[in-house]
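Good morning, everyone, and thank you for making time for this. Please have a look at the sequence and the model first, and then I will go through a few parts of it.

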Amino acid sequence: MKKDTKTVEKKPALSWYKRMDFSKKTALWGVIFLLPWLIGLIFFFLRPLVNTLWYSLCSMEMVNGKFSGTFIGIDNFKWVLGVNADYTRYLAEAFSNMAKAVPFQIFLALFIAMLLNGEYKGRGFFRAIFVIPIILATGVATFELKEVSLSTTAETGMNMQWLQTLIVNSGIPEQLTSLLVTYVQNIFDVVTTCGVQVLLFLSGLQAISPTLYEVAKMEGCTQFETFCKITLPMVSPTILVCLVYSISESFATATYTVAEKTYSISSYIQSITFNGSPEYYGYGAAMSFVYFVAVLVTVGVVCGIVSKGVFYYD
């Protein structure tokens with residue numbers, strides 16, 4: 001027998017990507033998808049943040065058409081927190097509004113998501129309807145619809161005094177009564193700002209295995225027990241994400257009331273910053289940095305408390 005003298009063709013070498021294992025490929029694509037966010041974080045967030053901190057520690061002045069800063073330490077922060085009493089009052093009002101609105105917003109978003117996650121005809125249509133709040137979250141649409149809502153309320157003479165009287169007569173404490181009436185009056189704002197949270201909760205509910213509900217039904221669990229033992233723990237990571245989003249959004253759109261008129265805190269800081277004198281740039285920068293730190297600390301504290309009760313299903 002003669003040996004086959006034909007040369008065996010060599011297989012082409014695998015590329016570096018195909019030689020990678022699955023975990024490294026996953027990490028690579030994760031970095032690729034995060035790359036736009038990282039670029040935006042570095043150039044459009046960290047750099048302005050550092051500049052704001054520097055301006056807040058300086059006395060700004062205009063020299064040859066350019067801003068020049070003279071380091072003065074924490075004098076601008078002393079003016080913001082010690083001299084300007086309006087700013088601390090507006091900041092406290094922003095915290096108060098956030099503490100009232102965010103829990104109700106999370107509850108309403110979870111309630112709507114559970115309704116949309118049910119099995120019934122036309123479910124896709126109703127899900128499409130609840131995407132509208134995300135579209136309405138744009139500034140122009142929200143402003144126009146608020147104007148229509150306010151004009152309609154004024155024309156019909158509608159008020160919540162009857163509801164407040166009814167709740168008080170039912171024996172509910174007056175403090176809780178005023179809070180419930182506030183929720184009813186601000187239901188438009190809450191619904192138009194919880195669209196993203198509804199989508200997050202809906203994705204979290206769909207990730208729960210139907211087997212868990214089948215086992216709970218076989219064991220004779222009630223709907224309330226199923227919610228407390230299965231639904232709530234399984235969506236607890238989503239609750240944490242929605243809390244961070246809702247708190248950040250609440251502070252980003254925070255307002256204060258003066259003489260029954262509502263103004264945004266960002267516009268107040270802008271009015272102080274561009275007051276016509278270069279030294280006010282330092283004041284405005286200090287106010288912005290204090291506001292940023294307050295929001296960051298609030299989110300950190302809430303995440304630290306809520307994360308202890310978060311359940312992760314392996």
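When I speak of a helix, I mean a DSSP run of H or I with at least four residues, numbered from the N terminus. One such run is helix 5, residues 123-129, and Phe-126 lies in it. Please keep in mind throughout that this is a predicted model.

Let me stay with Phe-126 for a moment. Is this residue buried, or is it exposed to some degree? Its relative accessibility is 36%, and because partly exposed covers the range between 20% and 50%, Phe-126 falls into that class. Setting aside residues up to four places away in sequence, Phe-126 touches Leu-116, Tyr-120 and Lys-121. With Leu-116, ten residues away in sequence, the C-alpha to C-alpha distance is 7.1 Å.

Now to the protein as a whole, which has 16 helices and four strands. It has 314 residues, of which 26% count as buried, and if we take the contacts between residues at least 6 apart in sequence, 65% of them join residues at least 24 apart.

Among the helices, I would like to pick out helix 2, which runs over residues 22-56. Its 35 residues, at 1.5 Å a residue, should span 51 Å, and the C-alpha atoms at its ends are 47 Å apart, which agrees with that expectation. Helix 2 nevertheless bends by about 45° at Leu-35, and a proline, Pro-36, follows within four residues.

Next comes the second largest pocket, which holds about 620 Å³ of space. Its lining is made up of 20 residues, and the closest to the pocket centre are Asn-117, Tyr-213, Gln-223, Thr-226 and Thr-231. Where does the lining come from? Helix 4 (85-116), helix 11 (195-206), helix 12 (210-218) and helix 13 (223-234) each supply at least two residues, and helix 13 gives the largest share, with five. Sorted by class, the lining has eleven nonpolar, seven polar and two charged residues.

I will end with Thr-226, which has its place in helix 13 and is one of the residues closest to the centre of that pocket. Thr-226 counts as buried, because its relative accessibility is 10% and the cut-off for buried is under 20%. Leaving out neighbours within four places in sequence, Thr-226 is in contact with Tyr-213, Ala-216, Cys-221 and Thr-231, and of these partners, Tyr-213 and Thr-231 are also named among the residues closest to the pocket centre.

How values were computed: Residues numbered from 1 in each chain as written. Predicted model: local features only at pLDDT ≥ 70, side-chain atom pairs only at ≥ 80, totals over all residues. Heavy atoms only, no water. Expected span 1.5 Å × (residues − 1). Bend = angle between axes of the 7 residues up to and from the residue. 1 Å grid on protein atoms, 1.4 Å probe; cavity = no way out; pocket = protein on both sides within 12 Å on 5 of 7 lines; lining within 4 Å. Points joined across faces, edges and corners; volume = space filled by probe spheres on them. Nonpolar A, V, L, I, M, F, W, Y, C, P; charged D, E, K, R; others polar. Buried < 20%, exposed > 50% of the residue type's maximum accessible area, 1.4 Å probe, protein only. Contact = heavy atoms within 4.5 Å.
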